[in-house]
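Trainee: I'd like a close look at one part of this model, charged side chains to begin with. Could you walk me through it?

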Amino acid sequence: MPFWHGEFMARSSHLTARVGELRRELDDARTLADLATIQQKYGADEPTTRSLVEYVQSQRAITRYVPDDKRLVLEHFRDEVGSVRMVLHAPFGGRVNAPWGMAIGRRMRERLGVEVQVQTTDDGLMLRLPDLGAAPPTDVFRSLGAEEAERLVLEEVGQSSLFGARFRMNAARALLLPRGSAKRRMPLWLQRLKALDLLQAVSEYPSFPIVVETYRDVLQDAFDMPALRDVLGRIASGEIGIHVAPTEIPSPFAASLQFGFVIDHMYGDDTPRAEQRAALLSLDRALLDELMGGEGADDATLAVLHELLARRRGTAPGRQARDAEELAVLVDRAGDLTRAELAERVAPSTEWRRGDPLATLLDGGRLIAARIPTPSGPQDRWILMDDAARYVAAFGPGVAPDAAVEPVLTEKAARREVLSRFVALAGPVSVDDVRARYDFEPRWIERRFDEWEQKQVLVRGVFGGDRSTTRWCARRLLEQARRRELAQARKQIEAVPLAAFARLEQRWQHLAPDDRVTGYEGTATVMSQLYGLARPADGWERDYLPSRIERYDASSLARLAASGALVWAAEPRVDEVGVAPSHAMGRIRFFERGTGRLWLRQPIAESLLSDNARSVRDVLRSQGASFTADVSAATGLSPQSTRDALRELVAGGLVTNDTVEALRDVLRWRPRFPIKRPNEPDPTRWLPAGFTPSESRPIVQRRINPRRIAKWKRPDREEPSAWGGRWSLVHTLGTLGAEADEQTLAERVARQWLARYGIVSRDWWRREHPAVGWREIYHELKRLEFRGEVQRGYFVAGLAGAQFALPEAVELLRAPLPENLDETVVMSVSDPANVYALPLAAGVESDPLGRPRGAGALLVTRAGRIVLVAEGRGSKLRVAEGFLPADVATAARVLVERLSARQGMSRRKDVVVESIDGERAAGSRYAQALRDVGFKGMGTGLRWYAGLR
């Protein structure tokens, strides 16, 4: 099989009837009952069924019919480079469509005398033809007979990539290809070259057994020729109809064919062509309201638009008229032109074919003078004699005194025609621009523009120049210009290695020494980037914020929370029985107030809460935000039980507080006894019936670990019972925000990710799992791309799928590294800027040190490359290969500064290194590098004394 298809096999034609039946059922679905019937019949879930129905019905909206086994759809449109694409939607399977496309392609080449590219799938075939300046020859598909198709396939199959691949496999199976070394496998490219040499050598012998076997293999096993003959016979008899659908854009069914077109032609001749680029881009159509909205186009898009207009007008070099016929076409396209505009459309005299084109038209009487009314008076222009009747109808008999013609249209219809020709070639125009060209009434012009805008012929926006002036532009022109600009931008993008991406994230998220922020404003900037991210509770003020904010002050985060800008909430931890114990605090998430709907999931079930926790929750639900003392008084619980219940609700993601100090109190709090969960097995199930436990001595499921019991304190020295701030429920309207559709939520998530990472791919969805699916987020990212706010491309090698980036992130990613760069960064392995643990595509090597053990492990990087990994608070070090001892010494110095930094009022702690790369630290080859930065020998280890500094 062709190597680029992997294990893919073409669909057999016997499934065609079932495919057609499914398409008809999806097309006929109108109600929820229809969806339920399809869902039950085919065993699909509701989202899949709904997506299929939308997909099929969107196809019908564009082509009027959904192609099935009884009616085919022949669609033709122009791509972004002006070539003609013809798509025959035929669900007969690849074994029928492949030889059919081969025969159609051969017939097109014989008829038109041009090169035609063909691409086939199980659901259709697509042809790409150059711009012929005429309607595409759709009759070729109806007139192809079975006998002629079989002859063309037999002539064409020997030159196909499929024949080369099958010949290579047959020759290898027959042991005709010489083997290389027996110790290793021969590479695929060398197998192709050897098979090609063998095929050229035996091409003079048509009866060579392997050649004959390959023809049989292709025509019988790969192709289904009897089914193709049956399909062509049914088309000739009229049993199968073909509906021709000219479209402005590719339909949804044609999008998959466009996507596969580049892949097929990258490997179209079965030879190694990895060094070549695909010359064609397949871009999805998006509504121009989504592309541009009311913002119009930026300067880059306008530059491409003017270039495209120059080509269509015939004023660009290479597009100017070389003879009278070409000039007549350009004049007919524009309608009326001044003498200067005519001169711009005439090619230099060295390119003329049959004399001066302009003089030829004037002498022959095909081009006549006209006096067009304008607000400043009549203006002399030139029109074709064929258009004289139209202009007489629009402006009166005095417009063309040299032509004795009668009006053929009404005045309004003729003026509409004149205006439409002008708008089609004028680019962005305003009402005043039209008034300067023709003496039309302004209100009539506005009505025509509004009418064409509703019909999606024009798009309204602000295009360059005076930003306060509204202009209209032809939708098709603007869309082609945008596609050309996107194609140019994507060609400039080359994927960078993971190290460059890691350095970008460190600078983007303010971890690099030169990019760190300070003060309250810096805290607000950092938190705005990290909104919605769930991370270990103790890591926020120990790792993430101090590494981004110079001289981090814990009060700045408290001020930010007190201002009402952010909300914190815990993410429930799940274990084998449904939910973790009440004292097990999960990850903490900070998010902007009113955006919780983007990040929070459904609350845990009420059955998983203890009785005290349910009582506290009911009080908060009825009374609203309350202080700890108010909660204790309303529930009648003791201070200890109130705190236990609040911590259980916080750990379950149900309750939050308006202060960060309360969060710190909750994290420090430990219940005296583990709280029994309602879903735990009954601990008394093994006791005799009728057993009654002693009062105040509950029976627990497991034996209590003394180390996990809270430290006992004398009752008269009990801490104050109140925790600061007011407690409130998380899942409220003020915290979650107003109800919104998935499109709005997906756009907000996409913008948050762009602000956080600069470059977005599906890997972030796998890491964070927001409340919105990746499909909706991807759609919104595409809309942002079409609006010009982000760029799409393959920026980072190894990341999954399409990648979207802010323009400033791309510039930062492409910025060259300065000389003598000394940018050493220490980050936690759970830091949001850590990209080393992301799953990479096959063939892209990941850093072997990128996945250290333990959530508290630290990574020390230099210019995006990992130099040092510290586990167990520096007790175990691992050093990357390829770095000098001086680099290791610098990394060790930065590491100990991070590990020994003072946390609040606590004293600085020493750093003890026990092993380096699995060896005893004192005997390691890097021991001297650590001694150079202040480590002292300590038996088999090395110790850095913090108290001596």
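Which side chain meets that of R24 in a salt bridge, and what is the N to O distance?

Mentor: Keep in mind that this is a predicted model. The partner you're after is D68, and the N to O distance is 3.1 Å. R24 sits in helix 1 (residues 16-28), while D68 is in the loop between helix 3 (46-63) and strand 1 (71-78), so the contact ties together parts that are 44 residues apart in sequence. The two ends are covered to unlike degrees: R24 has a relative accessibility of 29% and counts as partly exposed, whereas D68, at 7%, is buried. The cut-off behind those words is simple: buried means under 20% relative accessible area, so D68 falls below it and R24 does not.

That bridge has company, since the count for the structure comes to 68 salt bridges. Take D336 and R437, whose side chains meet at 3.3 Å, N to O. Here D336 belongs to the loop between helix 14 (324-334) and helix 15 (339-344), and R437 to helix 19 (residues 431-437), so this pair ties together parts 101 residues apart in sequence. D336 is buried at a relative accessible area of 0%, and R437 counts as buried too, at 14%.

Another one to click on is D387 with R421, a salt bridge at 3.0 Å, N to O. It links distant parts of the chain: D387 is in the loop between strand 7 (379-384) and helix 17 (388-395), and R421 is in helix 18 (residues 411-426), 34 residues apart. Both D387 and R421 are buried. Bridges can also share partners, and that is how R322, D323, E326, R353 and R354 get joined into one network.

Not every arginine ends up like that. R311, R312, R319 and R333 form a positive surface patch. Of these, R311 lies in helix 13 (residues 299-313) and is partly exposed, with a relative accessible area of 32%.

While you have the viewer open, look at the aromatics as well: a search of the whole structure finds 17 aromatic pairs. F449 and W472 make a tilted one, 4.8 Å centre to centre with 40° between the planes. This pair also links distant parts of the chain, with F449 in helix 20 (residues 442-454) and W472 in strand 9 (residues 471-474), 23 residues apart. F449 is buried at 0% relative accessibility, and W472 is buried at 5%. To finish, Y391, F395, F422, Y438, F440 and W444 form one aromatic cluster.

Technical notes. Residues numbered from 1 in each chain as written. Predicted model: local features only at pLDDT ≥ 70, side-chain atom pairs only at ≥ 80, totals over all residues. Heavy atoms only, no water. Patch = residues over 30% accessible without salt bridge, like charges linked within 9 Å, V, L, I, M, F, W, Y side chains within 5 Å. Areas by Shrake-Rupley, 256 points an atom, 1.4 Å probe, with all protein chains shown as cover. Salt bridge = Lys/Arg side-chain N within 4 Å of Asp/Glu carboxyl O. Lys, Arg positive; Asp, Glu negative; His and termini not counted. Charge placed at Lys NZ, Arg CZ, Asp CG, Glu CD. Helix = DSSP H or I, 4+ residues; strand = E, 2+ residues; numbered from the N terminus. Buried < 20%, exposed > 50% of the residue type's maximum accessible area, 1.4 Å probe, protein only. Phe/Tyr/Trp six-rings, centres within 6.5 Å; stacked < 30°, edge-to-face > 60°.
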